[in-house]
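Biologist: I am new to this structure and should like to understand one part of it thoroughly. Please select a single part, describe it closely, and explain each term as it arises.

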Amino acid sequence: MSDSRIRDRIQGPWSSLTPCTTPSRTADAVHGGVLGRITFAGMTGDPSLIDGAPHLITHMANASVHPAEEIWRTSLPVQAGVAGHAVYAEDGEHLFYAVRLGPQDAYREPVRDLYETALKFAWDHGYPELIRMWNLIGDITGANADGLEIYRDFCTGRAEAFTTWQEQFPHLPAATGIGTLSPGVDLCFLAAKPGRAVHVENPRQTPAYKYSSRYGKKSPSFARATFLRDLHTPGKSSGSLFVSGTASILGDDTVHIDDAARQTEETLRNIEALVSSDNLRRHEVDGAGFDVKDLDQIKVYVRDAEHLPVVQDICASAFPADTDIAYFNVGVCRPDLLVEIEGVCR
Ligand code: 3EB
């Protein structure tokens, strides 16, 4: 993968989970550890430890986009390991965990087990604050063996796991639920020690866990964003805002059906409202506030390859030239959603 763009997501001191705008891999290799590496590749693979770090390979690259890589770094010493089928690394402040569930006839029960095992692991290891989860789902709007949409099937198992663990994990974190190009589910997440996270909703959107049942028997379990306060800063205002996968949804309705350009613009307006100082103040994140231009480490998911050029044009004008953006050509969790965008503000 010689044309793979290396995406350094994190620099030291990583305690703030800040991304690396000017990567300095040599320095990081000497002073810090890698908590996790995610390769968006032309094939799938089982998670493993590579050079002592968790590595997840998810099938998200095809002929229309470049492979990409995301590396979560820390300045603190890292301990990595294998737990059953999962791999993980922790630095005393943060936990990264990754696991793959192979193709299933039905996803509800195995997803519930996968999630319960993951939540138990985070709890037992002392990381009860979920920060950011990625649910990467093959054939996301396709049907399982019983004819049920795979995303809805997935949502039921995930919701049941969160219900079982709601005393330990009362707050849902920022997340992404998006398609991949191979059947099965890749799950990875970041969690932290308690007391640093605030979960944020969007005034333009119904909280996902309150979606109408017409989108599935069990609502999706996630928040629109999670603010992670920096370590070792006296004020509450400095930190990173992890923005969930965001789409052209107002209330709980998809808007601008069949119009990729308008969906992209609506998505950017949703992000603008979400990250604004007004909205963060409403969630008692005082002193912080962002503009859509502050979004970085961006992933843009486009369902149909033919829409890539128009979506890329709109994003190129919306974000500064040095913004880190990767595009993927994968399914989105509703058949009428053409675009989804996520990133981190800091
Ligand atoms: C939406 O707003 C679009 O199921 O974890 C975005 C982020 C979406 C996370 C998830 C789904 C998820 O409903 C889809």
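Modeller: What follows is a close look at one helix, and then at the surroundings of the ligand.

The model is a predicted one, in which local features need pLDDT of at least 70 and side-chain atom pairs count only at pLDDT 80 or more, while totals for chains, interfaces and linings use all residues. Residues are numbered from 1 along each chain as its sequence is written, and side-chain values use heavy atoms, with hydrogens and water left out.

The chosen part is helix α4, which has 16 residues, 260–275. Helices (H or I, at least four residues) and strands (E, at least two) are DSSP runs, numbered from the N terminus. The expected span of a helix is 1.5 Å times one less than its number of residues. For α4 this gives 22 Å, and because its end C-alpha atoms are 23 Å apart, the two values agree.

The approach to the helix is a loop between β16 (253–254) and α4, where aspartate 258 lies. The phi angle of aspartate 258 is near 65 degrees, a positive value in a residue other than glycine. Aspartate 258 has a relative accessible area of 70% and is therefore exposed; exposed means over 50%, buried under 20%, and partly exposed in between, with a 1.4 Å probe and protein chains only. Aspartate 259 caps the N-terminal end of α4, with a side-chain oxygen 3.3 Å from the backbone nitrogen of alanine 261.

Which residues of α4 are buried? They are Ala260, Gln263, Thr264, Glu266, Thr267, Leu268, Asn270, Ile271, Ala273, Leu274 and Val275. An α-helix has 3.6 residues a turn, so residues three or four places apart point the same way. Glutamate 266 counts as buried because its relative accessibility is 5%. The side chain of glutamate 266 makes a polar contact of 2.7 Å with the side chain of histidine 256. A polar contact is a pair of N or O atoms within 3.5 Å; within protein, one must be able to donate a hydrogen and the other to accept it, and residues adjacent in sequence count only if both atoms are side-chain atoms.

The ligand offers a second view of the model. There are 14 residues around the ligand, and Tyr151, Arg158, Tyr211, Arg224 and Cys333 come nearest; a residue is near a molecule or strand if one of its heavy atoms lies within 4 Å of it. An oxygen atom of the ligand is 2.7 Å from an N or O atom in the side chain of arginine 158. For the side chain of arginine 224 the corresponding distance is 2.8 Å, and for that of asparagine 135 it is 3.5 Å. The protein covers 100% of the 360 Å² of accessible area that the ligand has on its own. Such areas come from the Shrake-Rupley method with a 1.4 Å probe; for residues, only the protein chains shown count as cover.

The elements that give two or more residues to the shell around the ligand are α3 (150–164) and β10 (174–180), and the largest share, three residues, comes from β10. Helix α3 also contains alanine 159, which counts as buried because its relative accessibility is 10%. The C-alpha atoms of alanine 159 and proline 220 are separated by 7.1 Å, although the two residues are 61 residues apart along the chain.
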